[in-house]
Amino acid sequence: MDTVGKVIKCRAAVAWEPNKPLVMEEIEVAPPEANEIRIKIVATAVCHTDLFFLHERNKGDGFPAVLGHEAAGTVESVGPGVTRFKPGDKVIPLFVSQCRECRFCLNPSTNQCDKNWPGKRYDVSSDTTSRLKCKGKTLLQFLGTSTFSEYTVVKEIAVAKIHDSSPLDKVCLLGCGIATGYGAAVNTAKVQPGSTCAVFGLGAVGLAAVMGCKAAGASRIIAVDINKDKFQKAEVFGATEFVNPKDHDKPISQVLAEMTNGGVDFSLECVGNVGVMRSALESCVKGWGVSVLVGWTDVEDFSASPIQLIAGRTWKGSLFGGFKSNDGVPKLVNDYLDKKLKLDEFITHTMTLDQINDAIELLKTGKCIRTVLNVSAP
Ligand SMILES: NC(=O)c1ccc[n+]([C@@H]2O[C@H](COP(=O)([O-])OP(=O)(O)OC[C@H]3O[C@@H](n4cnc5c(N)ncnc54)[C@H](O)[C@@H]3O)[C@@H](O)[C@H]2O)c1
Ligand SMILES: [Zn+2]
Ligand SMILES: [Zn+2]
């Protein structure tokens, strides 16, 4: 069936309101407008940021929406002005755009392009325009992507074209979690050979940060999680020691300071909890310790003693691992194809889009690392 230029009716998981299960609905996906691409989603995974928005943020705005931002698919059709893509190309939608024109894209030290949703709506995490509708209502496109759907429309500046031989049910993970954690270690923290690192939170993001610390040559990688079931996987990615805060009655920063003669060189917070952010900072050694915030929250503010920073520690944050998205993702895909980067080991479950609420529950209860949902045939 030729769908070009027509509205596509397809299935999607709709988030009508916060704290409720997603509902599988027939939605309408409009044709792409100027500089947009309509993508057939082949595989998508669930990231904690979807869960955060649905169940933890509790601010009420930003609904109804189609969530999902860690995916891969093929181009169905392109809007006027699009020349870099053609139908059938394998692609990964990007929640951080790279327009190559704004002052952030022109600055080599950041990946915070200003042209997509973060330009205006960091808080609500969706743009005001959407090509998705259901029952006459506009569905907001979470992070500008909305991948819990058989089809979606994304801006051309927020799509990475990837190698033709890419297995989409694996490389979808590079649309968020793995690029985020890996890049937070290698790009943002700039982990040094021979250093000691601590990673707080061992979901896909934290495990990818462990993998990044190892790739950067860290000699000790301390994996910290309150769920001991995560330690075995952390070892697969290169963790050398394991700490469960539940096993200690003193602050975790003190435990790490005792293990490392005063603190770690680099710490990465991959939980999204302001208390853990503070512990991660305080776990760094004075003088040169660097702590990176990767976990996502806008619900609470953090606090720390200014002395921590005056004593020479650096506190920084990382969005999408600091990768300029369009340049970075195709290279990461090639690294996976060349067996330089692990992806398969993150996938603990595979399901179909209809099982999305089960996949969300697995992540919520800490029983999966990543569940990949097969959405449509490649
Ligand atoms: N900055 C970004 O660009 C970006 C991108 C993707 C995800 N994120 C965020 O990264 C975080 C991790 O995402 P994920 O998908 O890996 O989540 P996840 O739920 O799979 O993993 C979180 C892990 O943290 C552990 N944890 C919870 N409380 C803890 C504590 N007090 N101390 C130590 N460990 C604790 C959990 O047991 C779990 O293993 C989320 O906050 C997510 O929103 C940020
Ligand atoms: Zn994510
Ligand atoms: Zn830009």
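How many nonpolar, polar and charged residues does the shell around ligand 1 have? In this predicted model, the shell comprises 18 nonpolar, 13 polar and 2 charged residues. Of the 33 residues around ligand 1, those that come nearest are His48, Gly201, Gly203, Gly272 and Trp296. Two or more residues are given to this shell by each of the elements α1 (48–56), α4 (177–189) and α5 (204–215). Because domain 1 (8–175 + 343–374) and domain 2 (181–318) both give residues to the shell, ligand 1 lies between the two domains.

The protein chain as a whole contains 11 helices and 19 strands in its secondary structure, and its C-alpha atoms fill a box of roughly 65 × 40 × 35 Å along the principal axes. A compact globule with 378 residues would have a radius of gyration near 21 Å, and the 20 Å computed for the protein chain therefore agrees with that expectation.

The domain assignment divides the protein chain into domain 1, which is made up of residues 8–175 and 343–374, and domain 2, which covers residues 181–318. The centres of the two domains, taken over C-alpha atoms, are separated by 28 Å, and the contact between them takes 12 residues from domain 1 and 10 residues from domain 2. On the side of domain 1 that touches domain 2, the largest share comes from α1, with 4 residues. By class, this side of domain 1 has 4 nonpolar, 3 polar and 5 charged residues. Helix α1 thus appears both among the elements that give two or more residues to the ligand shell and as the source of the largest share of the domain 1 side of the contact.

Within the chain, α1 also packs against a further helix, α11 (residues 356–364), the axes of the two coming within 10 Å and crossing at roughly 100°. Since angles of 65 to 115 degrees count as roughly perpendicular, α1 and α11 are therefore roughly perpendicular to each other. In this contact, His48, Leu51 and His55 of α1 meet Ile360, Leu363 and Lys364 of α11, a set that comprises 3 nonpolar, 2 polar and 1 charged residues. His48, which takes part in the contact with α11, is also one of the residues that come nearest to ligand 1.

Two backbone features were found in the loop that follows, between α1 and β4 (65–66). Asn58, which is placed in this loop, has a positive phi of about 55° although it is not a glycine. Pro64 lies in the loop between α1 and β4 as well, and is joined to Phe63 by a cis peptide bond with an omega of about -5°.

Technical notes:
Residues are numbered from 1 along each chain as its sequence is written. Chains are lettered from A and ligands numbered from 1 in the order in which they are written. This is a predicted model: local features need pLDDT of at least 70, side-chain atom pairs count only at pLDDT 80 or more; totals for chains, interfaces and linings use all residues. A residue is near a molecule or strand if its C-beta atom, placed from the backbone, lies within 6 Å of it. Ala, Val, Leu, Ile, Met, Phe, Trp, Tyr, Cys and Pro count as nonpolar, Asp, Glu, Lys and Arg as charged, and the others, Gly among them, as polar. Domain bounds come from an automatic or database domain assignment. Axes are lines fitted to C-alpha atoms, for helices over the stretch in contact, and angles run from 0 to 180 degrees between N-to-C directions. Angles under 35 degrees count as roughly parallel, over 145 as roughly antiparallel, 65 to 115 as roughly perpendicular and the rest as oblique. Two residues are in contact if their C-beta atoms, placed from the backbone, lie within 7 Å. The radius of gyration is taken over C-alpha atoms; the globule rule is 2.2 Å times the number of residues to the power 0.38.
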